[in-house]
Structure formats: C-alpha cells, structure tokens
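Subject: Structure handover

Hello,

Please find the structure below. My notes on what was found in it follow.

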Amino acid sequence: FFPQYHLPTLYSSSSIKVAVAVDTSGSVSNEEFKQFISDIHSILKTVEPEHIDFIQFDTTIKSVDRIKTVNDFRKVKFHGRGGTNITPVMEWAIQNKPKILLIFSDGYFSLPDDYPKCHLFWIIHNNEKWSCPNGKVVHYTLET
C-alpha cells in the first residue's frame with residue numbers, strides 16, 4: 001500500500017525525525033500485527049531513513065526503540081496485548097516532535113484530546129468506518 005503515498009521529504013539528504021507507533025493491544029489480531037510488522041519492514045527497506053523511533057503501545061507505551069537498519073528491527077522484542085490508549089503516543093510525539101508520525105492500528109480506541117504538530121498518518125486495518133479530524137487516514141483490509 002505504501003508506494004501510493006509518496007513522502008518526498010523522506011528522500012532528501014536532510015535528517016528528519018520519523019516515528020512509527022504500532023498498536024500491540026489485544027484487539028489487534030496476529031494477522032494484523034504481522035501485516036503491521038511487514039509494512040514497517042518495507043518502509044525501512046524502501047525509504048532507508050537515518051533512523052526511526054519505533055513505539056509499541058497498548059494502554060501505555062511499552063517501548064521506544066531507535067531503529068537504524070532492518071537488522072535492528074529484527075532484534076526488537078514485542079510487548080503488549082492489553083487494552084488500547086493512543087493518548088500516551090500523542091503525548092510522546094508532542095514532547096519529542098517527530099516530523100512524521102505513522103500509527104499502525106485497528107483503530108479501536110478513543111481519540112485523544114491533543115495532537116502533535118507533525119505529518120500524522122493513521123494506518124488503519126479492517127475498520128473502514130474509523131476516522132480522525134487530524135492527520136491522513138489510510139484504510140486497508142487484510143487479504144486472506
């Protein structure tokens with residue numbers, strides 16, 4: 001799905017802060033989670049950012065890892081499987097000020113009160129009715 005969305009600033013020689021948050025809550029199926037990880041792996045291989053801040057969250061942020069290579073990504077230990085709360089991710093982004101924040105989720109959470117000032121992309125799986133007043137929402141369905 002990602003080649004449809006060209007992010008030209010990612011290809012410039014300047015270093016920009018990119019963060020990727022992945023929903024590791026219990027409502028995310030194993031198939032969805034595998035797709036999230038596959039998509040993030042593709043971003044790393046295709047875009048080759050200097051690094052990404054990789055955030056795992058359910059009701060809280062479980063970890064933030066600085067990922068520089070695909071090999072770094074392969075070493076990440078995954079945490080979560082609780083409920084879902086997006087507010088800690090928004091608070092992290094407000095404080096850390098990434099230029100781009102991608103959030104991979106099924107969208108089963110309450111919208112936050114505050115949003116970061118960045119290019120915000122919501123990558124929402126199998127929840128076509130989900131919407132948000134801030135950022136770009138990208139819906140897609142898992143192929144079976």
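One backbone detail to begin with: K97, just after helix α3, takes a positive phi of about 55°. Please keep in mind throughout that this is a predicted model.

Helix α3 itself covers residues 87-96, and its buried residues are P88, V89, M90, W92 and A93. These buried residues pack against five strands by name: β1, β2, β3, β4 and β5.

The sheet

Those strands belong to an open sheet of six, in the order β3-β2-β1-β4-β5-β6, with mixed pairing. The edges are taken by β3 (61-67) and β6 (136-140); each has a single partner strand, so one side of each is left without a neighbour in the sheet. On average, neighbouring strands are turned by 15° against each other, direction ignored.

As general background, the strands of a sheet pair through backbone hydrogen bonds, either parallel or antiparallel. Here, β1 (residues 18-23) and β2 (residues 52-57) pair in the parallel sense, over five bridges. Within that pair, A19 has D53 of β2 as its bridge partner.

Further along, β4 and β5 are also paired in the parallel sense, over six bridges, and I103 is matched with W122 in β5. The pairing of β5 with β6 is parallel as well and runs over five bridges; there, I123 has V138 of β6 as its bridge partner. Strand β5 is mostly covered, with six of its seven residues buried.

The nonpolar cores

The largest nonpolar core has 25 residues, and the ones that touch the most other members are I40, I52, F54, F73 and F104. At least two residues each come from β1, α1 (30-47), β2, α2 (70-74), β4 (100-105), β5 (119-125) and β6. Helix α1 gives the most, with seven residues.

What does F104 touch, leaving aside its neighbours within four places in sequence? F104 is in contact with V20, A21, V22 and D23, with F36, D39, I40 and I43, and with I123, H125 and Y140.

Apart from this core lies another, of 18 residues; F57, L101, Y115 and C132 are among them.

The salt bridges

In general, side chains of opposite charge can pair when their charged atoms come close. In this model the count comes to two salt bridges.

The first to mention joins D53 and R66, whose closest N and O atoms are 3.0 Å apart. This pair links distant parts of the chain, since D53 is in strand β2 and R66 in strand β3, 13 residues apart. D53 counts as buried because its relative accessibility is 7%, under the 20% cut-off. R66 is at 48% relative accessibility and therefore counts as partly exposed. D53 thus appears twice in these notes: as the bridge partner of A19 and in the salt bridge with R66.

The other salt bridge is between the side chains of K62 and D58, at 3.5 Å from N to O. Which of these two counts as buried, at 2% relative accessibility? That is D58, whereas K62 is partly exposed, with a relative accessible area of 38%. In each of the two salt bridges, then, a buried Asp meets a partly exposed partner: D53 is buried and R66 partly exposed, and likewise D58 is buried and K62 partly exposed.

Regards

Technical notes
Residues are numbered from 1 along each chain as its sequence is written. This is a predicted model: local features need pLDDT of at least 70, side-chain atom pairs count only at pLDDT 80 or more; totals for chains, interfaces and linings use all residues. Side-chain values use heavy atoms; hydrogens and water are left out. Two strands pair if DSSP finds at least two bridges between them. Helices (H or I, at least four residues) and strands (E, at least two) are DSSP runs, numbered from the N terminus. Axes are lines fitted to C-alpha atoms, for helices over the stretch in contact, and angles run from 0 to 180 degrees between N-to-C directions. A nonpolar core is a set of buried Ala, Val, Leu, Ile, Met, Phe, Trp, Tyr and Cys residues joined through side-chain atoms within 4.5 Å. Buried means under 20% relative accessible area, exposed over 50%, partly exposed in between (1.4 Å probe, protein chains only). Contact means heavy atoms within 4.5 Å. A salt bridge is a side-chain nitrogen of Lys or Arg within 4 Å of a carboxyl oxygen of Asp or Glu.
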